[in-house]
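This report goes through one protein chain, beginning with a single side-chain environment and ending with the overall fold. The sequence and coordinates are shown first.

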Amino acid sequence: EGVFREQMADLLMNQFVCMLEDMLWSAHATSVAQKRLVRGIAIIDVFGLSLSTVQYLNYFRPFAHIANTYYPDMVKTIFVVNAPLAFVELWRLASSLLCSSTRRKVLILGSDFNSELKAGGINVTHLPTFLGGQSAHSKLLQHMRVPEGPGQ
């Protein structure tokens, strides 16, 4: 909720598009080097998400539109990890924003997700430490809360 309260949605969209562009060009370079189509794997940590997030669903429509329109079929699998039980209901609502081919790629996992990631071809030691990996030097940062109150 802090992202929208602090009017940081545009910044978040820019970061989202930069991430998608990075995935696109990395996949392209790897595909050319390996002479085969290489798609990305996304891991999304939804720890702490609750049903109160439903009120922000409309804010995510532009993100879904960008992903579906300009970056279709870019990922092989999307792992959603640390998903609380409430996330299943949120996913039912939010998944309608995605095209069916994307929905089929999403795997919703709870807090015991390492075996599923390994089965999906991920070396879990490369994950950042906050996701149970061993990479303390990861460029990924653990979620940081937006300060409470306007302008703080």
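## Surroundings of Asn82

Beyond its neighbours within four places in sequence, Asn82 is in contact with Asp45, Val46, Phe47, Leu109, Gly110, Ser111, Phe113 and Leu131. The model is a predicted one. Asn82 itself belongs to the loop that runs between β2 and α4 (85-94).

With a relative accessibility of 16%, Asn82 counts as buried, because the limit for that class is under 20%. One of the residues it touches, Asp45, is also its partner in a polar contact: the two side chains meet at 2.9 Å.

## Salt bridges

There are two salt bridges in the structure. In one of them the side chains of Arg39 and Asp73 come together, with an N to O distance of 3.2 Å. This pair ties together distant parts of the chain, 34 residues apart: Arg39 sits in the loop between α2 (9-34) and β1 (40-45), and Asp73 in the loop between α3 (61-70) and β2 (75-81).

Asp73 also forms a salt bridge with Lys105, where the closest N and O atoms are 2.2 Å apart. Here again distant parts of the chain are linked, since Lys105 lies in the loop between α5 (100-103) and β3 (106-108), 32 residues from Asp73. Through the shared partner, Arg39, Asp73 and Lys105 are joined into one network.

How exposed or buried are the members of this network? Lys105 is buried, at a relative accessible area of 13%. Arg39 is partly exposed at 36% relative accessibility, and Asp73 is likewise partly exposed at 36%. Lys105 is classed as buried because its value is under 20%, whereas partly exposed residues fall between that limit and 50%.

## The sheet

Three strands make up an open sheet, in the order β1-β2-β3 and with parallel pairing. β1 and β3 are the edge strands; each has a single partner strand, so one side of each has no neighbour in the sheet. On average, neighbouring strands are turned by 15° against each other, direction ignored.

The pairing of β2 with β3 is parallel and extends over three bridges. Within the sheet, Ile78 stands opposite Val106 of β3.

## The buried face of α3

Which residues of α3 are buried? They are Phe63, Ala64, Ile66 and Ala67. Viewed down the helix axis, these buried residues fall within an arc of 160°, so they line one face of α3. The cover over the buried residues of α3 includes α2.

## The chain as a whole

Six helices and three strands constitute the secondary structure of the protein chain. Read from the N terminus, its elements follow the order α-α-β-α-β-α-α-β-α.

The protein chain has 152 residues, of which 30% are buried. Of the contacts between residues at least 6 apart in sequence, 76% join residues at least 24 apart. The two salt bridges described above also span distant parts of the chain, at 34 residues for Arg39 and Asp73 and 32 residues for Asp73 and Lys105.

Note on methods: Residues are numbered from 1 along each chain as its sequence is written. This is a predicted model: local features need pLDDT of at least 70, side-chain atom pairs count only at pLDDT 80 or more; totals for chains, interfaces and linings use all residues. Side-chain values use heavy atoms; hydrogens and water are left out. A salt bridge is a side-chain nitrogen of Lys or Arg within 4 Å of a carboxyl oxygen of Asp or Glu. Helices (H or I, at least four residues) and strands (E, at least two) are DSSP runs, numbered from the N terminus. Buried means under 20% relative accessible area, exposed over 50%, partly exposed in between (1.4 Å probe, protein chains only). A polar contact is a pair of N or O atoms within 3.5 Å; within protein, one must be able to donate a hydrogen and the other to accept it, and residues adjacent in sequence count only if both atoms are side-chain atoms. Contact means heavy atoms within 4.5 Å. The arc is that of the directions from the helix axis to the C-beta atoms. Two strands pair if DSSP finds at least two bridges between them. Axes are lines fitted to C-alpha atoms, for helices over the stretch in contact, and angles run from 0 to 180 degrees between N-to-C directions.
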